[in-house]
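Hello,

Here is the structure I promised to pass on to you. Have a look at it first, and my notes follow below.

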Amino acid sequence: ESRFQQDDSGKHLNSCLWEVRCTSDVWKVLHNRKKNRGLADVIVGKIRMLANGEWRHDLCREIKGTPAGLVLFEANVNQDVRIIWERAKAFSPRLSKVAQDSKKALLGVRRHVYTEVIRVWDLVFKHDQLNQRIEKVAQCHKKGEAAVNVRLLEGLSEERHAAFRSGTQHEQLPRKYLLRMNGSETMKPVETLVPPANPQEKDYNIVKFYPVTENMVASAIESQETTEVDFCFDVNPEEWDIIYCSSVSSTLLLGRSGTGKTTCCLYRLFVSFK
């Protein structure tokens, strides 16, 4: 069992209050054999504290000077190193699976659950790199806002929210959401979810985020493999439907190259194997 599975906070990343997502840049830093192993331990420990809802001032200091509408935080690792993160909304495969497996009709006809997540954008090792990293995040959001992949969300009712809620009143808790249905006449406030996109001019893909789990942390930090590997990335609701489709008949999956057809098939095989 990984020595990263618990620290002073005493909680397993896979069962924390907050789900954590990170970019490939973060994984590359943690996987880099030249980085200080002890420093990687501390970084993971700070992320775990945030995931536990322990939002101390030194872990969630708001970064000043960001573009309008973009709120980023920094968590101090030591005097030089900062974790750059965002309180964001994202589709939750974990909570959607809980709703799907529940014997109660928690969501009615809607199967997809969205939640606030901790989105770790980068690890900054030199203070003079901070503005450059913030600008990159801003460009990703700006590119995403120009796309059509926008979802309208409404918060869960207190009764439904309680089905997913845990923790104490002293911990920061993530809000949960459902996709607003077409023609809905509910008076609930609506919030938008706009996935960030890759900022390169001719790149039209959204940013790929990876769920931060104990197994992935152990693989990135403890593994002695020098071969470059990729990890399981976040799937969107449409991909999740394919992976957990209950049909036993043949399926025709269409999409242009690079849209994730093979990945969905592999994930579906893995779910069936488990």
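W240 is buried, because its relative accessibility is just 1%. Please keep in mind throughout that this is a predicted model.

The reason I start with W240 is its ring partner. A search of the whole structure turns up eight aromatic pairs. One of them joins F91 and W240 edge-to-face, with 6.0 Å from centre to centre and 70° between the planes. F91 belongs to strand β4 and W240 to helix α7 (residues 237-243), so this pair ties together parts that are 149 residues apart in sequence. F91 has a relative accessibility of 5% and therefore counts as buried as well.

Which residue pairs with W121, and in what geometry? The partner is F209, and the pair is edge-to-face, at 5.3 Å centre to centre with 85° between the planes. W121 lies in strand β5 (residues 113-124), while F209 lies in the loop between β8 (190-193) and β9, so the pair ties together parts that are 88 residues apart in sequence. W121 is buried, because its relative accessibility is 5%. F209 is buried too, because its relative accessible area is 8%.

F209 has a charged partner besides its aromatic one: the charged end of R119 sits over the F209 ring, 4.7 Å from the centre. You will find another such arrangement at F233, where K208 lies over the face of the ring at 4.6 Å from its centre.

There is also a cluster of rings to look at. W18, W55, F73 and W85 are linked into it by ring pairs.

F73 leads on to I83, since F73 is in contact with I83. I83 is placed in strand β4, which spans residues 82-91. Is I83 buried or exposed? Its relative accessibility is 0%, so I83 counts as buried. Setting aside neighbours within four places in sequence, the residues in contact with I83 are I43, K46, I47, F73, E74, A75, V77, V120, D122 and L123. Take V120 from that list: I83 and V120 are 37 residues apart in sequence, yet their C-alpha atoms are 7.1 Å apart in space.

Next, helix α6, which runs over residues 214-222. Its buried residues are E214, M216, V217, A218, A220 and I221. What covers these buried residues of α6? The cover includes α1 (24-31), α2 (37-51) and β9 (210-211).

A word on the cysteines. How many disulfides does the structure hold? The count is zero. C16 is buried, because its relative accessibility is 3%, and C22 is buried because its relative accessible area is 1%.

Finally, a loop residue. T66 is found between β2 (61-62) and β3 (73-76). The T66 side chain reaches the backbone oxygen of L70 at 2.7 Å. Beyond its neighbours within four places in sequence, T66 is in contact with L72 and I134.

If you would like a place to begin, try the F91 and W240 pair, then go on to the W121 and F209 pair, with R119 over the F209 ring.

Best wishes

Conventions
Residues numbered from 1 in each chain as written. Predicted model: local features only at pLDDT ≥ 70, side-chain atom pairs only at ≥ 80, totals over all residues. Heavy atoms only, no water. Helix = DSSP H or I, 4+ residues; strand = E, 2+ residues; numbered from the N terminus. Buried < 20%, exposed > 50% of the residue type's maximum accessible area, 1.4 Å probe, protein only. Contact = heavy atoms within 4.5 Å. Phe/Tyr/Trp six-rings, centres within 6.5 Å; stacked < 30°, edge-to-face > 60°. Lys NZ or Arg CZ within 6 Å of the ring centre and 35° of its normal. Disulfide = S-S within 2.5 Å. Polar contact = N/O pair within 3.5 Å; in protein donor to acceptor, adjacent residues only side chain to side chain.
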